[in-house]
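Subject: The structure I promised

Hi,

Here is the structure I said I'd pass on. Have a look at it first, and then read on for what turned up.

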Number of protein chains: 2
Amino acid sequence: MKFSVVARSGTSRAGVLDLAHARVETPVFMPVGTYGTVKGLDPSAIESLGFRLVLSNSYHLHLSPGEDLVAAAGGLQRFMGWPGAVLTDSGGYQLFSLKDVVKVTDEGVESRSPLDGAREFITPERMVQVQVRLGVDIAMVLDHCPPSDAPKDKVAEAMERTTRWAKRCLTVARPDETALFGIVQGGVHLDLRRAHLDEVASLPFDGLALGGFSVGEPPDVMHELVDDLAPRLPDERPRYLMGVGTPIDLIRSVQAGMDMFDCVMPTRHARNGQLFTSRGRINVANARFRTDMDPPDPACGCPTCRRFSTAYLSHLYRRKEILYSVLATTHNLWFYRQLMTDLRQAILDGHLEETAHRLSQPWL
Amino acid sequence: MKFSVVARSGTSRAGVLDLAHARVETPVFMPVGTYGTVKGLDPSAIESLGFRLVLSNSYHLHLSPGEDLVAAAGGLQRFMGWPGAVLTDSGGYQLFSLKDVVKVTDEGVESRSPLDGAREFITPERMVQVQVRLGVDIAMVLDHCPPSDAPKDKVAEAMERTTRWAKRCLTVARPDETALFGIVQGGVHLDLRRAHLDEVASLPFDGLALGGFSVGEPPDVMHELVDDLAPRLPDERPRYLMGVGTPIDLIRSVQAGMDMFDCVMPTRHARNGQLFTSRGRINVANARFRTDMDPPDPACGCPTCRRFSTAYLSHLYRRKEILYSVLATTHNLWFYRQLMTDLRQAILDGHLEETAHRLSQPWL
């Protein structure tokens, strides 16, 4: 993995991230494909939308179809028929948020499969091995994510465990093509976050992530923390804000100096009828769209808006037709990709502040 | 509408059907898109598969989103974003098979909407008007389809009513671009079928259809009747076998001299895990496919088989991922399109019998 910052604007950066399976321009949004598919989209469609890097989940893939099968297929990219790169979350967040955790000890996590209830003991080393078997471009360390309402001493405890686990993850042999990122925890506590950042940054990870955000805390709390933390993250390594977020979250976090993002929002919202447009979010279930012969966003150049009316999408949505999800997901991912492209170009052109202000308007 | 037979082989014909929105080569299979979408497929994908004509359902579209909305969108082809032609079933079969019929009189049908229970009185004239409003290339007359186990006198009664309705359908004004096809009923009774065929053929329809087949009768019963009836249908007009069928049904019916077909089988079976291959039908849910790194049909050139393993499809199917339906539907429609292309080419090349024999092997 190679990362270079090619332009700056205040604390923001535009970069190029060379991965084993793709060159990725940052700041970048990664579509989420938990089970090895971005729901509803053919890999060639994802590529056409301009994405080169998608996120998948190593814990879910470990459960089904299993890393051995994926390895036999020649790696996750090949299994998925995806001509780009893949980052996998380690599953820490999923394990803890899905309540699949039976017991956490320093040694690891005893989990219960959401698919068949099978129990398994998961260690930090094991999850890196799973990701190596999957052949991903970027693996994430297993982290301990406490609930968003956990008291400070529990947050500190989980954070310290995450550090010990991070060091163990680094001991696992991996090929050159698999980068490994560390994760900074510490909840909403600035002192914990700063201390943990320094600790994780001192370890030889290829990139650093801020984890445990967008888990229920008010957006302003997150942004105050990210504004403080982003510039403290090592300048020469990519900075990844996990699980974030809304368009305004992305704009503000790029301004703070973050480089990478992922979120289920554009894809999940699409399936639920919510479309992101240059005039804000619209709900295709709304009665007024039944007869709207304009595309969802007349200003949008996506394959959906170029060809279909909101009335047709509204009809497909009401009839629960598969094509609705396909077309809506296409639109929302185009919107997110375009947002990131606009922000990157603004950094290159030196007018990020104006662009960020303009792009924020529909969301204020 | 213009139809020309360009080659013959025994009772079989290869033809060209010029419709308002497309030139269609026959024999042709029409993918089914009941609610104005072939489930899971983007119109551009349907076109890429080689289809120029799809079937939709005027009764369903009348219920939702309504023919007025579709007319306001510029017609069904435009509403769907479909760069080809559309034939709509009148809804007769659906009305009767879905048990939406409250009462049938000579005047028409009192129906109950499956969407909201609303009652409506549907006449033959009204259903042609609906199809004209939809702007379809080929409209079908409203027919009275008795249950497959109806006694002969009930079948004869429904047949005579279908004739009276057919004549009323012909009185409705329609633009040049909308062709109208008549439908031959008569159940499994050769004498009724022959008599009704003569009667419907004497009317100035643009094409003739055999309706009420593939409704539960044994395949051999249908094929014996179709073998007898197809050559009796007017030679200069297209011959459409409605709702048929399996690969072997299509092969046999093309040999009998039929030109047009539609069936939910390739699309519905795809969604249920059933894939058509050159070695017969396979079920991706079968455990042996979990680890099968070959495509579903190594001999197939479809966009699914060119890029994905059966193991990946099996994984997507188990996880109920949308992409499974998209890729499986793509494969099955490619198979049906290829079958028709092969049959047509064999008629042109004068070796239909050998080709039909070869293509039948996996299905015997």
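Let's start with H6(B), where the buried residues are B:Pro124, B:Met127, B:Val128, B:Val130, B:Gln131, B:Val132, B:Arg133 and B:Leu134. That makes eight buried residues out of the 11 in this helix, which runs over residues 124-134 of chain B, so "mostly covered" is a fair label for H6(B). Right after the helix comes B:Gly135, with a positive phi of about 75°. Do keep in mind that all of this comes from a predicted model.

Now the core. Which residues touch the most other members of the largest nonpolar core? They are A:Phe181 and B:Phe181, in a core of 230 residues. If you click on A:Phe181 and skip the neighbours within four places in sequence, you'll find contacts with A:Ile138, A:Met140 and A:Tyr240. The stretch A:Phe205, A:Asp206, A:Gly207, A:Leu208 and A:Ala209 is in contact with A:Phe181 as well. As background, nonpolar side chains tend to be buried together in soluble globular proteins.

Zooming out to chain A as a whole, you'll count 14 helices and 16 strands. The C-alpha atoms fill a box of roughly 60 × 45 × 40 Å along the principal axes. The radius of gyration of chain A is 20 Å, and this agrees with a compact globule, because one of 364 residues would come out near 21 Å. Of the residues in chain A, 54% count as buried. Contacts also reach along the sequence: taking those between residues at least 6 apart in chain A, 67% join residues at least 24 apart.

Chain A also splits up. The domain assignment gives domain 1 as 2-213 + 237-263 and domain 2 as 265-355. Their centres, taken over C-alpha atoms, are 27 Å apart. Where they meet, domain 1 of chain A puts in 28 residues and domain 2 of chain A puts in 20 residues. On the domain 1 side, the elements giving two or more residues are strand S1 (2-9), strand S2 (12-19), strand S4 (28-30) and helix H10 (247-256) of chain A. H10(A) gives the most there, with five residues. Sorted by class, that side of domain 1 has 17 nonpolar, eight polar and three charged residues.

And then there are the two chains together. How is chain A laid on chain B? It takes a turn of 180° and a shift of 0.0 Å along the axis, and the RMSD is 0.0 Å. That is why you can call it the relation of a two-fold axis. In chain A, the residue that comes closest to the rotation axis is A:Ile322, whose C-alpha is at 3.6 Å. Both copies use the same surface, with 100% of the contact residues of chain A recurring in chain B.

As for the contact between the chains, 31 residues come from chain A and 31 residues from chain B. On the chain A side, helix H3 (67-72), helix H12 (310-318) and helix H13 (322-349) each supply at least two residues. The largest share is that of H12(A), with five residues. By class, the chain A side divides into 15 nonpolar, nine polar and seven charged residues.

Over to you, and happy browsing!

Key:
Residues numbered from 1 in each chain as written. Chains lettered and ligands numbered in written order. Predicted model: local features only at pLDDT ≥ 70, side-chain atom pairs only at ≥ 80, totals over all residues. Domains from an automatic or database assignment. Contact = placed C-beta atoms within 7 Å. Helix = DSSP H or I, 4+ residues; strand = E, 2+ residues; numbered from the N terminus. Nonpolar A, V, L, I, M, F, W, Y, C, P; charged D, E, K, R; others polar. Least-squares fit on C-alpha atoms with pLDDT ≥ 70 in both. Buried ≥ 20, exposed ≤ 12 C-beta atoms within 10 Å, placed from the backbone. Core = buried A, V, L, I, M, F, W, Y, C linked by C-beta atoms within 7 Å. Rg over C-alpha atoms; globule rule 2.2 N^0.38 Å.
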